[in-house]
Amino acid sequence: MNIFNVISILGGLSMFLFGMRMMGDGLKESSSGTLKKAMEKLTSTPVKAFVMGLVMTALIQSSTATIVITAGLVGAGIIPLSQSLGIIIGANVGTTVTGQIIRLLDINSSGASFLQFLKPSTLAPLAMIIGIVLIMGKSFRGSEKVGRIIIGFGILFSGLLNMTDAVSGLTESGIIERLFSNLGQNPLIGYLVGAGVAFVLQSSSATIGILQAFSTSGQLTFGSIYAVLVGIYLGDCVTTAIVCNIGAKPDAKRVGVVNILFNLSESVVVLTVVTFIHKLGLLDGIWNSTIDSGGIANTNTIFNLACAILLFPALKCYEKLSLKIVKDESSAAGKYDEMLDALNPVFAGTPALALARCYDVLLVMYGMARTNIDRAFNLVTEYDEQIAAQIIEDENYIDMMADRVSNYLIQISSRITSPMHIEIMNHYYSGITEFERLGDHAVNIAEIAEDLNKNDTAFSKAALSELNVLQELIDRILDYTHDAFEKRDLSAARHIEPLEEVVDDMVGVLNDNHMDRIREGTCGVYAGTEFLNLLSEIERISDICSNVGVATVARVQPEIKHQVHDYVSMLHSGRDEGFNREYQEAHERYFRLLKNHT
């Protein structure tokens, strides 16, 4: 053995880990939306949850990712703790799929030529060729993402080949034989080694892959590695539990605790049963026999699957123990705390989930701002201190939500790399600002109403009639704004701009009418000033709605994303027939209503 063997092993390990990370990240990014929907809908029974955990972990190649996301969904109140238990056990079984893929090292191609393509020495470069063709060719939507997944697969196998080549150099030195024979004589040391390596690498699949690479030396036996395998389960779940505890609600922490309890139980069961069977002499045939990559993969799968079946009836016990270990928070939660807790850092690795949580909060922000605008308009005609206080209370919530979502987007921004997700994030950033401003204008209108009430002043009947028409127009714009943002409705978004133009026209006319009333003495100076302030607030509300509508159009039609000013100018210059027609129809309708009201 020399320094070059060590460098080769570490280099191969680095490639292996990078390939696994690249493939897993690509799979998580591609399936994150599906993962969210599936976990929400397909966990109604423990068996369904088990299958869900198994399948999703097999797809994204990471039990840690599956369990951490599950903890986030539990903490957000999307699924209860009881429904997450099956996912945890399924994830532990699903992670064995990676080992079954790596066992391709054992393929012997001498019998059939087509098997040559399945050997890692052929599969690795072939995967990288296909991957780079997909990335550079961009032949279909998402081809670059698929290409990265396939290249990650190729790098994983290339690293594995490097490790196995380096291990062959260590075989002659006798180091491997001495190392694993000592582990076989002391299962506790083997257990601790497996747990320690898995904890450091933060991946049970990677640790088992290293064992499979060492198996090519021909000096590993079942007796020397079974305790190492069991230790790996504990080391991996400790990392998961730590991540689940970062800034999490009690139920999310319990997910990590249940995972540790299950893996500790699995360790006790496997070590006890294997030791007992070995004492009876039933394992003598395989105890000192050489174990290859396929044997390690099968042993790992059998251990996990058998323990899942055996321990599945104990799910309720794990839940009760976790409730005793992790106590509920003593402080009373605010009415929006659960929703805001969904802005959890554990979703950062799956941008679709993280952005979906932001979307939920933004919809609530808009709904609260819209309700406050309606309340504020009502205060102008009938002032109520309780309603005014409710507006201020909800405005404080809107501001808090804006801060929380903004901070969360900043926190996860470094993990958002896909152009589609970046576009959504930018859209949500602008939405935060616009919806917060809507809430501010509702407060401003409420303050105008408060001033009128304090000074025992009211608008004239003519002014109130005009405001009713303008409010009806604003309500229609706000409805379209809601649909545009919530449903990314292009039709609703396009309705906003011509109506906003009518608002501008009407505000100008109402401004002139009110100045006439002041000159004629039918309206007092103080009320006149407040009326003009109110018109200004309404006009700004319509401007915000216009911003939301244009942003939605730009998101649906990316070609205008960098030409928004030109797009709006084109509409207002009369070069769009649809805009012209809708503007004219709305202008005639609302000015006719205005005439009828006066």
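**A first look at a helical protein**

Hi everyone, let me start with one residue: F262 is buried, at a relative accessible area of 1%. Buried here means under 20% relative accessible area, exposed means over 50%, and partly exposed is in between, using a 1.4 Å probe and protein chains only.

Before going on, a word on the source. This is a predicted model, where local features need pLDDT of at least 70 and side-chain atom pairs count only at pLDDT 80 or more, while totals for chains, interfaces and linings use all residues. Residues are numbered from 1 along each chain as its sequence is written, and side-chain values use heavy atoms, with hydrogens and water left out.

Now the overall picture. The protein has 24 helices and 0 strands; these are DSSP runs numbered from the N terminus, with helices being H or I of at least four residues and strands E of at least two. Of its 598 residues, 49% count as buried. About 26600 Å² is exposed, with 57% of that supplied by carbon and sulfur atoms; areas come from the Shrake-Rupley method with a 1.4 Å probe, and for residues only the protein chains shown count as cover. Taking contacts between residues at least 6 apart in sequence, 80% join residues at least 24 apart, where contact means heavy atoms within 4.5 Å.

What about the inside? The largest nonpolar core has 139 residues, and L229, F303, L409 and F459 have the most contacts within it. Helix α17, residues 351–381, gives the largest share of this core, 15 residues. By nonpolar core I mean a set of buried Ala, Val, Leu, Ile, Met, Phe, Trp, Tyr and Cys residues joined through side-chain atoms within 4.5 Å. If you click on F303 and leave aside neighbours within four places in sequence, its contacts include F222, Y226, L229 and E266.

Back to our opening residue, and to aromatic rings. The structure holds 12 aromatic pairs. One of them is F262 with Y318, edge-to-face, at 6.4 Å centre to centre and 85° between the planes. This pair links distant parts of the chain, 56 residues apart: F262 sits in helix α12 (residues 250–279) and Y318 in helix α15 (residues 315–325). Y318 counts as buried because its relative accessibility is 6%. For F579 and Y583, the ring centres are 6.4 Å apart and the planes are at 5°, so that pair is stacked. The rule is that rings of Phe, Tyr and Trp (its six-membered ring) pair if their centres lie within 6.5 Å, with planes under 30 degrees apart stacked, over 60 edge-to-face and the rest tilted. F579 and Y583 are 4 residues apart in helix α24 (residues 577–597), so about one helical turn separates them. There is also an aromatic cluster formed by Y359, Y366, Y428, F435 and F485.

Helix α15 also holds E319. Is E319 buried or exposed? It counts as buried, because its relative accessibility is 15%. Not counting residues up to four places away in sequence, E319 touches L81, S82 and L85. Its C-alpha atom is 9.9 Å from that of S84, although the two residues are 235 apart along the chain.

One more stop: A492, in helix α21 (residues 490–520). A492 is buried, with 4% relative accessible area. Beyond neighbours within four places in sequence, A492 contacts Y480, D483 and A484.

That's my tour, thanks for listening!
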